[in-house]
Amino acid sequence: MAGWLWLRCLFGPSLHRIHRPPQQPRPEGRAGRRGWDYLPRSLERHTDNILGWASALWSLSYYSSPLILCYLYRKGYICSSKLVPVSQYVGTVLVCLLGVACLRGWGRWRNPEYLQFVSILEETRRNHTPNNKKKLASYDFDFSHWPADFSWKEVSNPKFSKGGVSLLKPEPKHRGATDSLLNSVRTLPCHIISYLVAHSFGRRMLYPGSVGLLQKAMRPMLQQGQARLIEEYDGQRNKLISCDGNEIDAMFVDRRGERGPNGKTLVICCEGNAGFYEVGCMNTPLDGGYSVLGWNHPGFAGSTGVPFPQNEANAMDVVIQFAVHKLGFQLNDIVVYAWSIGGFTASWAVMSYPEIRALVLDASFDDLLPLALKVMPESWRPLVTHTVRQYMNLNNAEQLCRYQGPVLLIRRTKDEIITTTGPEDIMSNRGNDLLLRLLQHRYPKVMTEDSLRAVRQWLAAGSQVEEESVYIGYEVDDDWCMSVLQSYQTDRETPFPWSVGEDMTAEGRRQLALFLARKYMRNFETTHCTPLPISEFHMPWKL
């Protein structure tokens with residue numbers, strides 16, 4: 001029995017924190033806290049530090065391996081006479097690290113808190129009951145060892161989902177058979193380079209939160225954020241298995257039992273490219289009293305995989321299925337809220353599940369390509385275009401136009417990330433293009449060239465005073481605009497695009513276009529990464 005426990009301690013996960021349930025008495029000396037950091041004993045602490053440094057050095061070596069290999073080749077170290085002693089040194093280091101791991105297991109075995117934890121973990125793996133899950137939820141440990149709470153297989157047919165959920169694809173160029181073959185041969189080098197770029201530095205530039213070194217640096221902050229969600233908000237951590245086999249780290253805060261009108265509404269949060277639910281946009285709807293479900297991108301924190309568009313959509317799909325089939329929410333009780341690059345999964349969600357009540361996009365963009373071209377050399381334009389369209393096609397506007405429900409866009413007036421020139425040029429903010437694409441799709445008869453000029457003038461306003469000045473300058477009558485839209489909706493009940501504005505004067509179209517622009521978009525005078533306060537978070541306008 002002792003040997004079995006030692007093996008479990010040797011191969012067990014790292015324990016970070018112990019969350020005390022509200023009904024459990026406080027341990028002596030730890031008064032006033034809902035939880036406490038796990039305190040390893042001396043042997044475990046020192047051996048864990050050694051293994052941690054070894055892991056960090058391995059990560060550095062992995063990311064710098066091309067440079068290291070080039071240097072060794074130029075110095076003549078890559079030959080049999082040099083590799084044999086090097087392999088001996090590496091083998092010695094591995095044996096030493098194995099010994100350190102065994103000593104760490106011994107240190108854990110002598111710690112009663114870790115022994116209790118590993119016993120609960122093994123019991124939960126054998127018998128995943130709600131009671132055992134509740135006991136296990138009192139511990140924060142390496143998420144890879146967490147038992148699965150929900151799988152896409154529980155509600156979907158595996159036969160039809162192995163390829164992943166459906167995405168909108170770029171329009172193929174039609175060519176003859178001979179032209180197509182010759183073109184494939186001619187563009188083969190470009191395809192190979194695009195694949196290498198997308199799967200090496202391209203993906204990491206687009207999603208820096210997936211880089212292991214950044215996650216190691218942020219680990220104390222993430223653990224602190226997670227402790228706050230669990231201990232202050234009674235958050236429930238869950239592992240979801242998507243159709244591509246990735247494990248998705250999700251956090252649910254249930255407010256349905258509390259007083260207030262917002263608890264019955266679930267806000268699903270989609271984070272940015274370096275955002276994590278532990279410290280991300282999840283805090284905004286929490287401050288508003290909503291039930292909230294946050295999740296981490298594939299490859300972020302506890303989630304596995306890599307954040308390519310297909311994997312992102314697969315993850316979003318299992319999050320929605322979990323909300324409906326396990327948490328018991330109806331689709332019309334769900335609002336999707338996204339920040340920055342999270343707009344891709346959010347717009348995919350409302351496109352694929354049109355019954356979702358509403359969508360809020362904060363500091364998001366219409367298409368990735370203009371932003372990618374901004375940061376890459378002009379000579380790389382063909383390569384960047386092909387790489388984005390083939391492997392990173394974040395076509396937010398195209399997906400958003402497939403949704404019929406209420407939408408709110410929040411534009412940061414000093415945004416330095418999604419502008420194609422600089423934060424001082426508000427007209428280069430790609431949120432403008434997202435708004436215009438949506439209005440042109442939903443109200444094509446209203447959005448004439450004259451109306452577009454008026455809306456662009458309103459978008460060029462850098463402050464609330466300037467914005468109001470443009471609005472008053474065009475003498476927009478809100479009551480008249482509302483009555484026109486309500487009358488059209490009552491008479492027809494048709495889906496978008498609407499033909500309202502077909503028999504309207506140019507002045508009427510301008511008024512209606514400005515009225516709709518102000519209903520669909522709100523300005524927030526700040527930079528890209530400033531957390532959105534609850535005062536700026538609103539449910540979208542609905543006619």
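**Figure 1. Met251 sits in strand S6, which spans residues 247-253.** This close-up comes from a predicted model. Met251 is buried, with a relative accessibility of 0%. Leaving out residues up to four places away in sequence, Met251 touches Gln226, Leu229, Ile230, Gly235, Gln236 and Arg237. On the same list of contacts are Tyr277, Met282, Val292, Leu293 and Gly294. Look at Gly294 in particular. In sequence, Gly294 and Met251 are 43 residues apart. In space, their C-alpha atoms are 5.2 Å apart.

**Figure 2. The largest nonpolar core holds 97 residues.** Which of its members touch the most other members? They are Ile268, Leu293, Tyr443 and Tyr520. Helix H12, residues 309-325, supplies the largest share of this core, with eight residues. A second core is separate and has 24 residues. Leu286, Tyr290, Leu408 and Ile410 are among them.

**Figure 3. Tyr443 touches residues far along the chain, including Leu485 and Phe496.** Its other contacts are Trp498, Val500, Leu516 and Tyr520. Residues up to four places away in sequence are not counted here. Both Tyr443 and Tyr520 are among the residues with the most contacts to other members of the largest nonpolar core.

**Figure 4. One cavity of 30 Å³ or more turns up in a search of the whole structure.** The largest cavity contains about 40 Å³ of space. Which residues line the largest cavity? The lining consists of Leu361, Ala363, Ser364, Leu409, Ile410, Arg411, Gly431, Leu434 and Met521. Two elements each give two or more residues to this lining: strand S11 (407-412) and helix H17 (430-442). Strand S11 gives the most, with three residues. Sorted by class, the lining has six nonpolar residues, two polar residues and one charged residue. Ile410 lines this cavity and also belongs to the second nonpolar core.

**Figure 5. Cys270 and Cys281 have sulfur atoms 7.5 Å apart.** How many disulfides does a search of the whole structure find? The count is zero. A disulfide needs two cysteine sulfur atoms within 2.5 Å. The closest cysteine sulfur to that of Cys270 is in Cys281, and the gap is too far for a bond. Cys270 is buried, at 0% relative accessibility. Cys481 is buried too, with a relative accessible area of 0%.

Notes. Residues are numbered from 1 along each chain as its sequence is written. This is a predicted model: local features need pLDDT of at least 70, side-chain atom pairs count only at pLDDT 80 or more; totals for chains, interfaces and linings use all residues. Side-chain values use heavy atoms; hydrogens and water are left out. On a 1 Å grid over the protein atoms alone, a cavity is a set of points where a 1.4 Å probe fits but cannot get out, and a pocket is an open set with protein on both sides within 12 Å along at least five of seven lines; lining residues have an atom within 4 Å of a point. Grid points are joined across faces, edges and corners, and a volume is the space filled by probe spheres set on the points. Helices (H or I, at least four residues) and strands (E, at least two) are DSSP runs, numbered from the N terminus. Ala, Val, Leu, Ile, Met, Phe, Trp, Tyr, Cys and Pro count as nonpolar, Asp, Glu, Lys and Arg as charged, and the others, Gly among them, as polar. Buried means under 20% relative accessible area, exposed over 50%, partly exposed in between (1.4 Å probe, protein chains only). A nonpolar core is a set of buried Ala, Val, Leu, Ile, Met, Phe, Trp, Tyr and Cys residues joined through side-chain atoms within 4.5 Å. Contact means heavy atoms within 4.5 Å.
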